[in-house]
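Thanks for sharing this one. Here are some friendly comments to read alongside the structure.

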Amino acid sequence: MSDLYVSWSDYHHKIEQLAIKIYQSGWEFNQIVCLARGGLRVGDILSRIYNQPLAILATSSYNGAGKQERGGLIVSPHLTMTTESLGSRILLVDDLVDSGVTLQQTIPWLKEHSEFPIAEIHTAVIWYKACSVIAPDYYVDYLPDNPWIHQPFEHYEHITPAELAEKGCKGVGV
């Protein structure tokens, strides 16, 4: 398995490419649900581009050193949103689909836990790995060799507030 290193510039450009693919499909949605943590930035930017409400569902399946060990999926018992009701046509967003288990299990979770009828759910990610058990509806890059993706915000997982204060913000975000 190779590694793929992504800069902030590339990361944002890929989100824009994803927005274009969704737009060109002609599919219209009235709600974005992002899977936190990885899908937060993607969902936030798509919500701003499409001017659609954003809801957040916290999920976690990675742990261990460097957060590279896949464990069991943990799904929050609640969906966080600022609207009174969830839209009926949902764009479910994450940063990537690796095993596919997260998308595979959150689609029925949304249908079961929503007080509101859901007509349709489409999925969107930046990276779609070949090892996934589910194919997303929209993606930017298909990765046949299943690389480990190093995203630009990961360095924050290896720095403490004390170390950040010691640096005085010099070189942060580099």
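The points below go through two helices, one buried aspartate and a pocket.

1. A word on the source before the details: this is a predicted model. Please keep that in mind with each point that follows.

2. I began with helix α1, residues 8-25. At 1.5 Å a residue, its 18 residues should span 26 Å, and the end C-alpha atoms are indeed 26 Å apart, so the expected and modelled spans agree.

3. Which residues of α1 are buried? They are Tyr11, Lys14, Ile15, Leu18, Ala19 and Ile22. Because they cover an arc of only 145 degrees around the axis, they lie on the same side of α1. Do note that a lysine, Lys14, is in this buried set. On the face turned away from the buried side, you will find the exposed residues Ser9, Tyr23 and Gln24.

4. What do the buried residues of α1 pack against? Their partners are helix α2 (40-50) and the strands β6 (89-93), β8 (120-129) and β9 (138-143). Helix α2 has buried residues of its own, namely Val42, Gly43, Ile45, Leu46 and Ser47.

5. The backbone just past each of these helices is worth a look. Glycine 26, just after α1, takes a positive phi of about 85 degrees. Just after α2, a positive phi appears again, of about 55 degrees, and here the residue is asparagine 51.

6. Aspartate 95 caught my eye. It sits in the loop between β6 and β7 (96-97). Is aspartate 95 buried or exposed? With a relative accessible area of 8%, aspartate 95 falls under the 20% cut-off and is therefore buried.

7. The surroundings of aspartate 95 draw on several parts of the chain. Leaving aside neighbours within four places in sequence, aspartate 95 is in contact with Gly38, Gly39, Val42, Val125, Ile126, Trp127 and Gln151. Among these, Val42 is also one of the buried residues of α2. Leucine 35 is 60 residues away from aspartate 95 in sequence, yet their C-alpha atoms are 8.4 Å apart in space.

8. Finally, the second largest pocket holds about 180 Å³ of space. Its lining is made of Pro77, His78, Leu79, Met81, Leu86, Trp109, Leu110, His113, Ser114, Glu115 and Phe116. Which element gives the most to this lining? Helix α3 (residues 101-113) does, with 3 residues. By class, the lining has 7 nonpolar, 3 polar and 1 charged residues.

Methods
Residues numbered from 1 in each chain as written. Predicted model: local features only at pLDDT ≥ 70, side-chain atom pairs only at ≥ 80, totals over all residues. Heavy atoms only, no water. 1 Å grid on protein atoms, 1.4 Å probe; cavity = no way out; pocket = protein on both sides within 12 Å on 5 of 7 lines; lining within 4 Å. Points joined across faces, edges and corners; volume = space filled by probe spheres on them. Helix = DSSP H or I, 4+ residues; strand = E, 2+ residues; numbered from the N terminus. Nonpolar A, V, L, I, M, F, W, Y, C, P; charged D, E, K, R; others polar. Expected span 1.5 Å × (residues − 1). Buried < 20%, exposed > 50% of the residue type's maximum accessible area, 1.4 Å probe, protein only. Arc of directions from axis to C-beta. Contact = heavy atoms within 4.5 Å.
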